[in-house]
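Thank you for making the time this morning. I would like to walk you through a few side-chain arrangements, so please have the sequence and the structure open as we go.

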Amino acid sequence: MSDSLLARKYFDGIYIPAGLLVFGTAIVKREWVVYAILAAIALGSLKFYNNLPKNVLKPDAFQDFELKEKTVISHNVAIYRFALPTPSSILGLPIGQHISIGAALAQPDGSSKDIVRSYTPISGDHQPGYFDLLIKSYPTGNISRHMASLAVGQTIRVKGPKGAFVYTPNMVRHFGMVAGGTGITPMLQVIRAIVRGRATGDATQVDLIFANVTPQDILLKEDLDALVTEDKGIRVHYVLDKPPAGWTGGVGYVTSDMITKWLPAPAEDVKILICGPPPMVSGLKKATEALGFKKARPVSKLEDQVFAF
């Protein structure tokens with residue numbers, strides 16, 4: 001994230017104080033003006049450096065981050081906002097990568113076990129000072145249940161970045177995406193980066209199939225619909241396993257016919273991204289191969305045509 005050197009914070013915090021220092025010195029003792037200029041440059045440079053965004057993630061060490069805010073979306077879904085060390089701090093998370101959350105959780109036999117799970121923030125490095133996680137809590141979930149139990153002021157342990165996928169503008173002509181449930185988070189991260197990059201020439205097209213059980217399960221629908229309205233290069237196709245009367249979207253599991261109808265055809269400048277429950281990911285890997293896409297590996301690599309998060 002970079003700010004214009006003409007931003008208000010630089011005038012208020014650097015230029016005006018430096019000018020006052022030099023001006024005041026010129027009035028009181030003109031022969032010291034040169035020293036005042038040097039001091040103003042040194043202090044201004046230090047202030048400028050301190051204002052630069054600082055990456056806080058460490059790939060090989062967990063760090064504690066405090067929960068500042070919890071926004072309940074439904075009975076088992078919430079957005080958790082965690083504070084970074086300073087207002088100008090950023091995670092330093094490349095688009096497409098994720099973080100690891102660890103916790104020592106009590107086991108049925110009374111012992112404690114370190115559990116680690118991966119999550120993709122729905123915020124980005126263009127939003128300094130905090131990061132947001134969208135998490136759905138499952139009855140059998142370890143970390144997700146732990147997160148649901150957190151109160152504001154408590155902390156979680158985080159390390160990263162992790163993951164084989166890193167988005168760069170125009171890396172492909174067209175993304176086909178398939179997400180199930182909370183698998184929407186890495187897709188949203190990439191889509192938002194594409195939309196932000198339009199001003200600097202990112203022309204990537206996106207078609208996303210988002211599969212859920214009921215309309216109430218569609219996470220961040222308002223955000224997705226707003227992106228579709230804002231950007232003609234983004235299209236979202238909703239699929240429900242249990243649709244209500246009058247539903248006009250897809251019905252059931254994501255099928256080969258849906259992929260053919262809504263996603264780009266196989267080509268060298270096309271990539272398919274998948275994120276969702278393991279059975280869904282496994283089925284989609286087979287379906288895409290049958291449709292002519294290159295066979296997906298058990299563990300995806302960045303260069304793969306079909307990449308599963």
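Let me begin with a charge and a ring: Arg157 lies over the face of Phe62, at 4.5 Å from the ring centre. There is another arrangement of this kind, in which Arg81 lies over the face of Tyr130, and here the distance from the ring centre is 3.8 Å. Please keep in mind throughout that what we are looking at is a predicted model.

From there I turn to rings with rings. A pair of aromatic rings is described by the distance of the centres and the angle of the planes. The count of such aromatic pairs comes to eight, and I will take a couple of them in turn. In the pair formed by Phe65 and Phe131, the centres are 5.6 Å apart and the planes stand at 85°, an edge-to-face arrangement. This pair links distant parts of the chain, since Phe65 belongs to strand β2, residues 63–74, while Phe131 belongs to strand β7, residues 130–136, with the two positions 66 residues apart. As for their surroundings, both Phe65 and Phe131 are buried.

The rings of Phe210 and Tyr238 are arranged in another way: their centres are 6.4 Å apart and their planes are at 45°, so this pair is tilted. Because Phe210 sits in strand β10 and Tyr238 in strand β11, residues 234–240, the pair ties together parts that are 28 residues apart in sequence. Phe210 is buried, and Tyr238 is buried as well. Elsewhere, one aromatic cluster is made up of Phe165, Tyr167, Phe175, Phe307 and Phe309.

Now, staying with strand β10, which spans residues 205–212, I would draw your attention to Asp207, which is found in that strand. Is Asp207 buried or exposed? With a relative accessible area of 5%, Asp207 is buried, because the cut-off for that term is under 20%. Which side chains make polar contacts with the side chain of Asp207? One is that of Arg235, at 3.0 Å, and another is that of His237, at 2.8 Å. If we leave aside the neighbours within four places in sequence, the residues in contact with Asp207 also include Phe175, a residue that we met in the aromatic cluster, as well as His174, Gly176, Met177, Trp262 and Leu263.

Let me finish with Ile37, which is found in helix α2, residues 33–51. Ile37 is partly exposed, with a relative accessible area of 37%, and its C-alpha atom is separated by 9.5 Å from that of Phe23, which is 14 residues away along the chain.

Methods: Residues numbered from 1 in each chain as written. Predicted model: local features only at pLDDT ≥ 70, side-chain atom pairs only at ≥ 80, totals over all residues. Heavy atoms only, no water. Helix = DSSP H or I, 4+ residues; strand = E, 2+ residues; numbered from the N terminus. Buried < 20%, exposed > 50% of the residue type's maximum accessible area, 1.4 Å probe, protein only. Polar contact = N/O pair within 3.5 Å; in protein donor to acceptor, adjacent residues only side chain to side chain. Contact = heavy atoms within 4.5 Å. Phe/Tyr/Trp six-rings, centres within 6.5 Å; stacked < 30°, edge-to-face > 60°. Lys NZ or Arg CZ within 6 Å of the ring centre and 35° of its normal.
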